Amino acid sequence: MLQVLLTVLVALHLLLVDVAMVGPLVCVWLEWRDTRYAERAAGRLGKTWAGLVNWTLAGGITLGCLLLAIRWRMDDRAYFSAVAAIPLGRLWFGLGELLFSFGCMGAYVALWNRWRNHRLMHRALAIAAAANLLMHFPALFTIISVLTTRADQWGQVLDRAGYQRLLLDAEVVPRVIHVWLAAFAANGVLLMVFGLRLGDDESQPALRRRLIQRGAWLGLAPTLLQIPVGLWLVLQMPDAARQPLLGGDWLSSGLFLGSLFLALHLIHTLSAIAQGDQEPKLIHRSVAILLALVLLMVGTRACLHERALGPLGSSGDRPAALHRTEIAFQ
């Protein structure tokens, strides 16, 4: 039961972070529609979305802290050994990056009307917030996840060169790209939902259709790209993780096959919407499919991670490197 709860919390955390990472770019596009074509409803939606980005980032951080506390309570030796291998300065720098993104998006919302004559500078704030989150955090947390299965690197702190080598690690790169694509897809589906909420107001039918169609394409393109990236990711997995996925464990294989089915179903649904079929039931279906897909993917990853760890993460003894990190934070 606890594992199911953790899967739901991780899925929700990822969805919130996805909106926070790519949402600023959607805001820029909506504001551009307002400025270029006088679509005031798009401008209002852009400002609302910008506020939503700050809330989703705050929610993602809160859930991340909760999950970290749960891991600590469960005495997750592997995870905290991996965290201890990250240079302490890099962790503090990550905190500064979060504050930077908050600051950029806060200023973006606050200056929405005041910088109407300085739109390039205004848009730069949102682009900087998005680029900061996309470039740093998927890589950081992917490296931590990868290190949990590499016990030979526990008990030592990476130097700058070692951390940079891991940024280009064969297992890290496809997982980071996978996160980026998922973030764009999630924002595409959310854009369709906001487009649908404009209703059938006679003054906004063209904008409504445009938002839904653009959202469908924004969701469809990265979902299609997930197929080759997913294959790349599977090929780079350690054997201990790949074998359960390919039939060595019925639960892992079942969740993986379910994920593939949902991904194909999502592609089919988004394709229909992108080509003009904008029935509300299709949009609602795409939202449900996306939520179920994220849950199954998180569940699959959790199963594979547990198999890959084996006995590594079960010990109650925290490594000395973690103890040094605790002292440094105190």
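In the predicted model, the buried residues of helix H9 (residues 239–248) are Ala 241, Arg 242, Pro 244 and Leu 245. These residues span an arc of only 160° around the axis and therefore lie on the same side of H9. Leu 246, Gly 247 and Gly 248, on the other side of H9, are exposed.

Leu 245, one of the buried residues of H9, has its C-alpha atom 9.5 Å from that of Arg 301, although 56 residues separate the two along the chain. Arg 301 belongs to helix H11 (residues 280–309). With a relative accessible area of 23%, Arg 301 is partly exposed, because the buried class is confined to values under 20%. When residues up to four places away in sequence are not counted, Arg 301 touches Ser 145, Glu 171, Arg 175 and Met 237.

A further helix pair is formed by H1 (residues 2–37) and H7 (residues 172–197), whose axes come within 8 Å and cross at roughly 55°. The two helices are therefore oblique to each other, and H1 passes H7 in a right-handed crossing. On H1, the contact is made by Asp 18, Val 19, Met 21, Val 22, Gly 23, Leu 25, Val 26 and Trp 29. The H7 side of the contact comprises Val 179, Ala 182, Ala 183, Phe 184, Ala 186, Asn 187, Leu 190 and Leu 191. Of the residues in the contact of H1 with H7, 13 are nonpolar, two are polar and one is charged. The charged residue is Asp 18 of H1, while Gly 23 of H1 and Asn 187 of H7 are the polar ones.

Key: Residues are numbered from 1 along each chain as its sequence is written. This is a predicted model: local features need pLDDT of at least 70, side-chain atom pairs count only at pLDDT 80 or more; totals for chains, interfaces and linings use all residues. Side-chain values use heavy atoms; hydrogens and water are left out. Axes are lines fitted to C-alpha atoms, for helices over the stretch in contact, and angles run from 0 to 180 degrees between N-to-C directions. Helices (H or I, at least four residues) and strands (E, at least two) are DSSP runs, numbered from the N terminus. Angles under 35 degrees count as roughly parallel, over 145 as roughly antiparallel, 65 to 115 as roughly perpendicular and the rest as oblique. A crossing is left-handed if the near helix is turned anticlockwise from the far one by less than a right angle, and right-handed if clockwise. Contact means heavy atoms within 4.5 Å. Buried means under 20% relative accessible area, exposed over 50%, partly exposed in between (1.4 Å probe, protein chains only). The arc is that of the directions from the helix axis to the C-beta atoms.
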